[in-house]
Amino acid sequence: MDGGDISGGVAQRPSPLRPRSHLVLAAALLAGFAILGTGAFVALDLHDNPRGAAGTLLGSAIGGPFKLVDQNGRTVTNTDLEGNWLLVYFGYTHCPDACPTALNNIALALDDLGAEKKEVRPVFITIDPERDTSPALKDYVAAFGAPILALTGNNAAIAQAAAEYRVYYQKHPEAGGDYSMDHTSIIYVMDPKGRFTASFTGEDPPEEIAARLRKLLG
Amino acid sequence: MRAIRIMVLAVGLALMVGSASAQTGPLAVNDAWARATPGKSTTGAAYVTIESPAADRLVAASTPVAQKAELHTMSMSGMVMKMRPIADVDLPAGQKVILAPGGMHIMLIGLKKPLTAGQSFPLTLTFAKAGTRTVEVAVEKIGAEGPAPAAAH
């Protein structure tokens, strides 16, 4: 695994991704292209050819401009976040299992990183803006003991951000007026220029996330 | 006389059947735990390990700390997380069934206050055959992956 040179440019360099990451990415692309109706064959092609063109397509296929509101009510755009490495995760606060696992793993990975964690900004974007207002997000992310930037917005703004990250989400109504949200559960690593670089699952152990980030940052 | 003899036989048989099932031990619920809930989140999840000597089903749950407790399963398909209510949890005879993060959980909906690490709360489980069991659920850290070692068996 060679993760040291990725910050030099995703588009031009061989992909440093692990085979497992490729599976994750193929799955992400499958989900994303299913939304866009573009066809899943591209993802399968990437899985077979993990280097070269894969890096180009992946680097530009995930991420993009957004304009959202943070947990303190301030407007945040993608350009405001450039200059930091980002760990972007989409989820929702009424999620009892996958989301706390992912955010906690991110928080523990940052602890593991030590001083280098200053360069890394975790970003939690809700796919349930109906319930996840700025105050709700503020209480939620504060509990994880990491400087997580939590973002919400109107339905259109969330839909745009999710589409750019190839994130699928769908409300699932339940008895009594409650609902849960189906959603893509992937931690995206974006470089300081806002380019997609790597990904983790929400269940990847914190020490693995930290080790990978250390190589990317180095 | 004959009727009495049959009754005695029947009672004897009933006692034998009763003692036979008693020998295999009662249904056991262990390692009841939950994750602390972040902020003012009103949803949480509780996990238990159940072992039943006879085939049974977990059919319902309730707790005074939440408006509702539902049986849920969480699954990942193509990196998409889906959570669904399930009618029951199948308990094959003599097998440990473990509810854990990433799989089945008892979803706590409408928590009256956040679950705080170090505290505990009662949870009543209803089984199709074994009746009800009330266990004390230990609240662990937010990202805990299992019960604290002291509570584990």
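Start by selecting helix α5 of chain A, residues 134-142, in this predicted model. Colour its buried residues, which are A:S134, A:L137, A:Y140 and A:V141. They sit on the same side of α5(A), because they cover an arc of only 125° around the axis. Now turn the helix round: the face away from the buried side carries A:P135 and A:A142, both exposed. What lies over the buried residues of α5(A)? Show β1 (67-70), α4, β4 and β5 of chain A, which are among the elements that cover them.

**Next stop: strand β4 of chain A**

Select residues 120-126 of chain A, which form β4(A). How many of its seven residues are buried? Six are, so you will find this strand mostly covered.

Add β3(A), residues 85-91, to the view. The two strands, β3(A) and β4(A), are parallel and joined by seven bridges. To see one pairing up close, pick A:F90 and look across to A:I125, its bridge partner in β4(A). Then bring in helix α4(A), residues 98-113: together with β3(A) and β4(A), this helix makes a right-handed β-α-β unit.

Now look for β5(A), residues 149-152, which also pairs with β4(A) in the parallel sense, here over three bridges. A:V123 is a good residue to click on, as it stands opposite A:L149 in β5(A). Follow the chain from β4(A) and you pass through α5(A), the helix where the tour began, before reaching β5(A); this β-α-β crossover is right-handed.

**A loop residue to visit**

Between α5 and β5 of chain A there is a loop, and A:F144 lies in it. Is A:F144 buried or exposed? Its relative accessibility is 6%, and buried means under 20%, so A:F144 counts as buried. Display what A:F144 touches beyond its sequence neighbours up to four places away: A:P100, A:L103, A:N104 and A:A107 in chain A, and B:P38 and B:I142 in chain B. For a sense of distance, draw a line from the C-alpha atom of A:F144 to that of A:Y179: the two residues are 35 places apart along the chain, and the line spans 24 Å.

**The largest pocket**

Switch on a surface and look for the largest pocket, which holds about 210 Å³ of space. Its lining has 16 residues, and those closest to the centre are A:N104, A:N105, B:G143, B:A144 and B:E145. Which element gives the most to this lining? Select α4(A) again, since that helix contributes five residues.

**Last stop: strand β7 of chain A**

Select residues 179-184 of chain A to show β7(A), where six of six residues are buried. Both of its faces are covered, with A:Y179, A:M181 and A:H183 on one side and A:S180, A:D182 and A:T184 on the other.

On the way here the chain runs through β6(A), residues 169-173, which is antiparallel to β7(A) and joined to it by five bridges. Find A:P173, which stands opposite A:Y179. The hairpin of these two strands has five residues between them, and there A:G176 takes a positive phi near 80°.

Finally, show chain B and select its strand β5, residues 80-85. β5(B) and β7(A) run antiparallel, with two bridges joining them. Zoom in on A:H183 to finish: the residue opposite is B:M81 in β5(B).

Technical notes
Residues are numbered from 1 along each chain as its sequence is written. Chains are lettered from A and ligands numbered from 1 in the order in which they are written. This is a predicted model: local features need pLDDT of at least 70, side-chain atom pairs count only at pLDDT 80 or more; totals for chains, interfaces and linings use all residues. Side-chain values use heavy atoms; hydrogens and water are left out. Buried means under 20% relative accessible area, exposed over 50%, partly exposed in between (1.4 Å probe, protein chains only). Helices (H or I, at least four residues) and strands (E, at least two) are DSSP runs, numbered from the N terminus. Two strands pair if DSSP finds at least two bridges between them. A crossover is right-handed if, with the strands pointing away from the viewer, the path from the first strand over the helix to the second runs clockwise. The arc is that of the directions from the helix axis to the C-beta atoms. Contact means heavy atoms within 4.5 Å. On a 1 Å grid over the protein atoms alone, a cavity is a set of points where a 1.4 Å probe fits but cannot get out, and a pocket is an open set with protein on both sides within 12 Å along at least five of seven lines; lining residues have an atom within 4 Å of a point. Grid points are joined across faces, edges and corners, and a volume is the space filled by probe spheres set on the points.
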